Amino acid sequence: MATLELKQVRKNYGNLEVIHGIDLFINNGEFCVLVGPSGCGKSTLLRMIAGLEQITKGDILIDEQVVNNISAARRGLAMVFQSYALYPHMSVRQNLAFGLENLKMEVDEIDKRILEAARLLRMEEYLQRKPGQLSGGQKQRVAIGRAIVREPSIYLFDEPLSNLDAELRVATRVELKALHARLGNTMIYVTHDQVEAMTMADKIVVMNDGIIEQVGAPLELYNKPSNKFVAGFIGSPKMNFIQFDYLPNSLKEIAPSNSTSLGIRPEHLSIKDENSLSLNVETVEQLGSDSFLYGTTSGEQKISIKLNYQTDIQANQTIKVGFKLDDAHWFDKDGIALTS
Amino acid sequence: MSAVIKFFSRTHGKNKLSFIDWIAYLYLFLGFLIIFLPVLWLLLNSIKSQFLLQKLDTNLLPLDYDRVVRATVFGPDGKEIFIIKDLPDWVIYWNELRDEDKKEVNDPNLFISKFEGKEYYALRTHLGLVSDHAKELIEEKNFPEWLIKYPSMFPDAKKEYNPEEYLINLNEEEVRLLSEFLGLKPYKPNGFTSQILISAKNKETNEIEEYSVSRLNTNKDTVNARLISNPQGGIVKIPTDDIIVNKKLRPSWINYSDPLTNNVRGMSFDAIKCLNNSVFVTIIATIITVLINSMAAFALSKYKFNGQIIFFIIILATLMVPASVLIVGIFKMVSVTGLNGTLWGVIIPGAATPTGVFMLRQYMLTIPDELLEAARMDAASEWSIYWRIVFPLSLPAIAVLAILSIIWRWNDLILPMIAVSTTKTAYTIQLCLLDFQGEYVAQEHYRLAMTVVSLIPTTLVFVFLQRYITTGIANTGIK
Ligand SMILES: Nc1ncnc2c1ncn2[C@@H]1O[C@H](COP(=O)(O)OP(=O)(O)OP(=O)(O)O)[C@@H](O)[C@H]1O
Ligand SMILES: [Mg+2]
C-alpha cells in the first residue's frame, strides 16, 4: 500500500534526453496506466521507478520517502516484464520462491505464499514444470505470480499482455482488473494499446516524446482531450481533424476564435444536413453491426465515419455528414484544445 | 533405430552404389584409418614385451619369439661363444632388477648351482656373483686386503701391486674366479645377450636346425644367424624366406601391472602417485578455471564500466602470446611466490585462460538482460545473480570449457616442468612418462603402457561428455 510521486524526473542517455521533466502523483490503490506511442519513454520511466535505471535529475518518492539512491532490490516493488523474464532453468515453484529466498524468508512462509498465489492464478498443476513447458498465457500467470508472492507495495507492469493472442489478452485483462480489485495495491501499467488503457485504468497518463500530455480518468480523456495529440491517440478509429480553412462557412462562424482545426470522432458523425460537410465516399466497410465509411471532403481532408447500423451507401457517392456541436473539439495553432 | 540404419545406408545412386558413393565410402574409410591406426598401433605396442620393442619388432600383434641367450666366455683357449636356452625372464633381465628384488625374489646362487662349466661362468658374471665369490676366496686364503680394492684402482696405482703372484697356488677354478674379478688376462668379463630362436634348413646337412638371431628384419633378404649346435662356427646368412619363426601371441601385461604396482625394475616409478597428482591438478584446476573465467566473463558481458572494451581486448590479446614465451616469467612468478615444488604451482598460473573468458563472455551475451533485472527486482544480490542465474544458464558453454580444461590440464607438460620438475613426489603423469626415458635403460614398454593409461581419463571424458561439446559449441555465440 503506497503512494508514488515523481518530481521533475529527467533521464539522459549520454547527451540525449529521453524524459523531459515529469511530474506525477499516483494515489494509494490506484490503477495507473501509462500509454503513448512506441519510443515515447514509457518503459524508461517505469524502469526508473523500479530502480533499474538511474535517474538523471529529479526525485522519486514512495510513501513520501525519496528513493533515488535505493537499489531496485530494496524499494519493495515488483515488476512484470513484457518477455516475462522467467528463469528458464528453474521450475515454476522455484521461480516464485527465488525472490522470497533472497529476502531470507522462512520456508513455511514461502510455501504458504506460493500456494496462495498458485490458487489465485490457477496454476497449481504446473508448479513443477519449467517455463519452457508452459504456454504463453501460463508463463504470463507465473510472471504475475512471481510479483504477487512478494506482496510488494507497488506493482509495475511493462506491456505484460503484448505477447498474448487477442483472445487471451482480453481474458487476462479482465483477470488483472479483478486481481487489482481483490489486492487493492497500487499498480502502474505500461501499454500502447488504448483499449487496455481505457478498460483497466483508474487514471491514464498519456505520454509523448518524453513528456506527459494529459493525465485523467479514461472518459475524461475521451470526452475532454486537452490537446490534439491526446484527442488523436485516445479513441478508435482515430478522431478526424479538418483544417479550419476547409470548413464550410456555416461551421467557421460558430468556431471559437483562434481555432485552426476541428476534431470530430468518427462515431459522432451521422448522415444529416445540420452542421454538415459534404463527403465523397471512397470505401465502405460493412461489419454487420457497424459500418465504416472513408472518404474525403474539400481540400482532400480525410474523414472516417462509424455508423452503428448497416447502410446502403455506395463508394463514389457524395453524402452530407453532420454532428452535434457538443461533440466537436476545437484546437488552436499549437494543438491546444479550446472551449467553445 | 531404423532411422539410423536408413541414414547410414542412404546412397547417392538409386538402389545401388554409384561412383560417388564409392568415393565417399573410400574417403570415410581412409579417414577412419588415418585417425584410428596410430591409436591401434599404440594400444597393441603397449602390450609388447621389452625384448620385442628393443628389437624394433614391426608386427602389429604382440607376437613373441622363443628366446635364447647368446653368451661369450673368455678363457685361456680364447673367446668361446655359445647359446643357452630356456632361461627364466628374471635371469635374462637381471641387470635391470632393483637391488631389493634381486635379494628378495630370487636366489642367484641357488639358480646357478644347477649349471656347470662355461654356462656357469657366463651366468656367474651376468648375475654379479663374481665379486662376492672372489671376496670369499680372498678371505678364506688370507690374501691381503688391497686385492679387494684392486679392480677399482686407477691404472697408476695398479702398477705398484703384483696380483699375479697370488694365482700361483690356486686350482684352475680359483684362478679363473680371481682373474675375472681382478681383470687379469686372458680372462675378461663374460658377455650375455638375449636373442631370437629361429629354425631353418642347414645348407650343408640339409636338415632343419635351430639358429639364434639378434635382430629379425623381415624386410631384408637375409638374416644373420648363428647355428645353435655349433655357435663357434660364426655367423651365416640365411635367406629370410627360408626361416621358420616360432611365434606365440604373448601379450606382456606386466607392462601395465609393474608400473601400476610400483614394481619397475631398475627405477622407482610410482604410477599411482603420478596419476593421483594428475587427477588432483586436473580437477582442482578445472574447478578454479571455470569459476574464475565465468566470473570474468560475467563482469565483461553483463556490467557496464569504464575500460570494459580495453580489458576485453587485453584479455584477447594474450591469446596471441605463445605459451613458450611465458615460461621464464611463470617460472620466476612461481618461485617468488614459493609455489614451486607444490601442485599449486601447476594449478594457479594456468587458472585464467583467455579462450575460456572469451567463450563464456560470448555465451553470456545471449542471456537476456531482463532476466538479470528480474532477479534484481527479486532482491537478489549480485553474487546470487551470478551464481543462481547466469552460471546455471551458461552451463552448456561451461561444460565445454570444463572438458577443454580437463584435457589441457591432463596433457599439459610445460607447467608441471616449470613448477615441479625438481620435486619427484609432485610429478604429474606426463612428467612421469618423460622420466622413464634417460637415467637408466630405456623402458619403452612401460612408457607405452603408461601412455595408454594416461589416455584413459581424457578418452572417458570425451566419450561421456562429447554431446555437451557438440551442443555447447553449437550454442556458443550463434544462439
Ligand atoms: N539504453 C539506451 N540508450 C540510449 N537510448 C535509449 C536507451 N534505452 C532507450 N532509449 C531511447 O529512449 C527512448 C524511450 O525508450 P522506451 O524503451 O522507454 O520506449 P517505450 O515507450 O517503452 O517504447 P515501446 O512502446 O516501443 O516499448 C527511445 O527513443 C529509445 O530509443
Ligand atoms: Mg517499452
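Here are some numbered notes on the structure above, which is a predicted model.

1. Let's start with a pair of helices in chain A. Helix 2 of chain A covers residues 92-102, and helix 4 of chain A covers residues 136-149. Their axes come within 9 Å and cross at roughly 30°. Angles under 35 degrees count as roughly parallel, so helix 2 of chain A and helix 4 of chain A are roughly parallel to each other. As for handedness, helix 2 of chain A passes helix 4 of chain A in a right-handed crossing.

2. Which residues of helix 2 of chain A meet helix 4 of chain A? On the helix 2 side, look for A:Val92, A:Asn95, A:Leu96 and A:Leu100. On the helix 4 side they meet A:Val142, A:Gly145, A:Arg146 and A:Val149. Sorted by class, the residues of this contact between helix 2 and helix 4 of chain A are 5 nonpolar, 2 polar and 1 charged.

3. For contrast in chain B, try helix 19 and helix 20 (residues 395-411) of chain B, which pack at an angle of about 70° with their axes 5 Å apart. An angle of 65 to 115 degrees counts as roughly perpendicular, so that is the word for helix 19 of chain B and helix 20 of chain B. B:Phe391, B:Pro392 and B:Leu393 in helix 19 meet B:Leu395, B:Pro396 and B:Ile398 in helix 20 of chain B. This contact of helix 19 with helix 20 of chain B has 6 nonpolar residues, with no polar and no charged ones.

4. Now for the salt bridges: the count comes to 19 over all chains. One of them joins A:Glu53 to A:Arg47, with the closest N and O atoms 2.8 Å apart. Are A:Glu53 and A:Arg47 buried or exposed? Both A:Glu53 and A:Arg47 are buried.

5. Another salt bridge brings together the side chains of A:Glu151 and A:Arg113, at 3.4 Å from N to O. A:Glu151 sits in the loop between helix 4 and strand 7 (154-158) of chain A, while A:Arg113 is in helix 3 (residues 107-120) of chain A, so the pair ties together parts that are 38 residues apart in sequence. Since buried means under 20% relative accessible area, A:Arg113 counts as buried because its value is 13%. The pair also belongs to a bigger picture: A:Glu109, A:Lys112, A:Arg113 and A:Glu151 are linked in a network of salt bridges.

6. A third example is the salt bridge between the side chains of A:Asp202 and A:Lys177, at 3.9 Å from N to O. This pair links distant parts of the chain, 25 residues apart: A:Asp202 is in the loop between helix 6 (194-200) and strand 9 (203-208) of chain A, and A:Lys177 is in helix 5 (residues 166-183) of chain A. A:Asp202 is partly exposed because its relative accessibility is 35%. A:Lys177 is partly exposed too, with a relative accessible area of 29%.

7. Next, have a look at helix 18 (residues 369-377) of chain B, where B:Leu371, B:Leu372, B:Glu373, B:Ala374, B:Ala375 and B:Met377 are buried. What do the buried residues of helix 18 of chain B pack against? In chain A, they pack against helix 1, strand 6 (77-80), helix 2 and helix 4. In chain B, their partners are helix 13 (271-302) and helix 19. Just after helix 18 of chain B, B:Ala379 takes a positive phi of about 65°.

8. Three single residues are worth clicking on. B:Ser384, in helix 19 (residues 382-393) of chain B, is buried at 11% relative accessible area. Leaving out residues up to four places away in sequence, B:Ser384 touches A:Asn102 and B:Ile389. A:Thr44, in helix 1 (residues 42-50) of chain A, counts as buried at 14% relative accessibility. With those sequence neighbours again left out, A:Thr44 touches A:Lys11, A:Tyr13, A:Val18 and A:Ile19.

9. The last of the three is B:Ile83, found in strand 3 (residues 78-85) of chain B. B:Ile83 is buried, with a relative accessible area of 11%. Beyond residues up to four places away in sequence, B:Ile83 touches several residues, including B:Val68, B:Glu119, B:Ser212 and B:Ile228. B:Phe192 is 109 residues from B:Ile83 along the chain, and their C-alpha atoms are separated by 9.5 Å.

Note on methods:
Residues are numbered from 1 along each chain as its sequence is written. Chains are lettered from A and ligands numbered from 1 in the order in which they are written. This is a predicted model: local features need pLDDT of at least 70, side-chain atom pairs count only at pLDDT 80 or more; totals for chains, interfaces and linings use all residues. Side-chain values use heavy atoms; hydrogens and water are left out. Axes are lines fitted to C-alpha atoms, for helices over the stretch in contact, and angles run from 0 to 180 degrees between N-to-C directions. Helices (H or I, at least four residues) and strands (E, at least two) are DSSP runs, numbered from the N terminus. Angles under 35 degrees count as roughly parallel, over 145 as roughly antiparallel, 65 to 115 as roughly perpendicular and the rest as oblique. A crossing is left-handed if the near helix is turned anticlockwise from the far one by less than a right angle, and right-handed if clockwise. Contact means heavy atoms within 4.5 Å. Ala, Val, Leu, Ile, Met, Phe, Trp, Tyr, Cys and Pro count as nonpolar, Asp, Glu, Lys and Arg as charged, and the others, Gly among them, as polar. A salt bridge is a side-chain nitrogen of Lys or Arg within 4 Å of a carboxyl oxygen of Asp or Glu. Buried means under 20% relative accessible area, exposed over 50%, partly exposed in between (1.4 Å probe, protein chains only).
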